[in-house]
Amino acid sequence: MNVDVEVTGKYYDELKDEDLCSCGYCKEYRRQVRAAYPEVSVYLDGIGIDIGKPSESMYWDVDPDGLVDFTAYYWVFGEIGNFEHKIGDVHIYTDHNIHFNVPALVAAVDRSQHFMLAVSTIRINTGIRRE
């Protein structure tokens, strides 16, 4: 994986809150993830990614007390390849199987190479209780 850190960082700098999902789970993810996973945040910052601005954050396990397991996806600019990295229990990898619509902000960037980086499993206590 060869990341264009400058272009990736510019993309995240230009993302606004209204560009992101507004559901309660995603809001809590964005609010807590940086403090809950500081090492992952620092690593992603190093390649231009703002951990608090995922392109998509999918929750796939919610316990009755509000503890939620997420996989978050981030746009990255540069040359794709096979990439895997672990920080503690968090797995960071290129995901060749996920296909999201390319947002206008991504399409407008003057680079043709972009791909998704997945970050999993991020566990956040959302406080949103499930019955």
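Y25 is buried, at 15% relative accessibility. This is a predicted model, and in it Y25 pairs with the ring of Y59. The two ring centres lie 4.2 Å apart. Their planes meet at 40 degrees, so the pair counts as tilted rather than stacked or edge-to-face. Y59 is partly exposed, with a relative accessible area of 39%. The contact also spans the sequence: Y25 sits in helix α2 (residues 24–36), Y59 in strand β2 (residues 56–62), and 34 residues separate them. In total the structure holds six aromatic pairs. Elsewhere, Y11, Y12, Y74 and F77 make up one aromatic cluster.

Y74 leads on to the nonpolar core. The largest such core has 36 residues. Y74 is one of five members that touch the most others; the remaining ones are Y29, V40, L44 and I122. Which elements supply at least two residues each to this core? They are α1, α2, α3, β3, β5 and β6. Strand β3 gives the largest share, with eight residues. In soluble globular proteins, nonpolar side chains tend to be buried together.

Charged side chains make their own links. There are four salt bridges. One lies within a helix: E14 meets K10, with the closest N and O atoms 3.5 Å apart. Why can these two side chains face each other along α1? They are four residues apart in helix α1 (residues 5–14), which means a separation of about one helical turn. E14 is partly exposed, with a relative accessible area of 33%. K10 counts as exposed, at 52%.

Another salt bridge joins R34 and D50, at 2.5 Å from N to O. This pair links distant parts of the chain. R34 belongs to helix α2, whereas D50 lies in the loop between α3 (38–45) and β2. The two are 16 residues apart. R34 is partly exposed, at 37% relative accessibility.

R123 and D69 form a further salt bridge, again with 2.5 Å between the closest N and O atoms. Here the partners come from two strands: R123 from β6 (residues 114–125) and D69 from β3 (residues 67–79). They are 54 residues apart in the chain. Is each partner buried or exposed? R123 is partly exposed, with a relative accessible area of 45%. D69 counts as buried, at 4%, because that value is under the 20% cut-off.

Strand β6 holds another feature. The peptide bond from S120 to T121 is cis, with omega near -5 degrees. T121 lies in β6.

Strands β4 (residues 84–87) and β5 (residues 90–94) run antiparallel, joined by four bridges. I87 stands opposite V90 in β5. The two strands form a hairpin with two residues between them. In the turn, G88 has a positive phi of about 60 degrees.

What of the cysteines? The count comes to zero disulfides. C21 is in no disulfide; the nearest cysteine sulfur belongs to C26 and is 3.7 Å away. The sulfur of C23 also has C26 as its closest cysteine partner, at 3.6 Å, which is too far for a bond. The cut-off is 2.5 Å, so neither distance qualifies. Both C21 and C23 count as partly exposed, C21 at 38% relative accessibility and C23 at 27%.

Helix α2 includes G24. G24 is partly exposed, at 37% relative accessibility. How far apart are G24 and G127 in sequence and in space? They are 103 residues apart in sequence and 9.8 Å apart in space, C-alpha to C-alpha.

Confidence varies along the chain. The average pLDDT is 86, and 86% of the residues score at least 70. Helix α3 has the highest confidence, at 98. Helix α4 (residues 104–108) has the lowest, at a mean of 60.

How values were computed
Residues numbered from 1 in each chain as written. Predicted model: local features only at pLDDT ≥ 70, side-chain atom pairs only at ≥ 80, totals over all residues. Heavy atoms only, no water. Phe/Tyr/Trp six-rings, centres within 6.5 Å; stacked < 30°, edge-to-face > 60°. Buried < 20%, exposed > 50% of the residue type's maximum accessible area, 1.4 Å probe, protein only. pLDDT = per-residue confidence, 0-100. Pairing = 2+ DSSP bridges. Core = buried A, V, L, I, M, F, W, Y, C linked by side-chain atoms within 4.5 Å.
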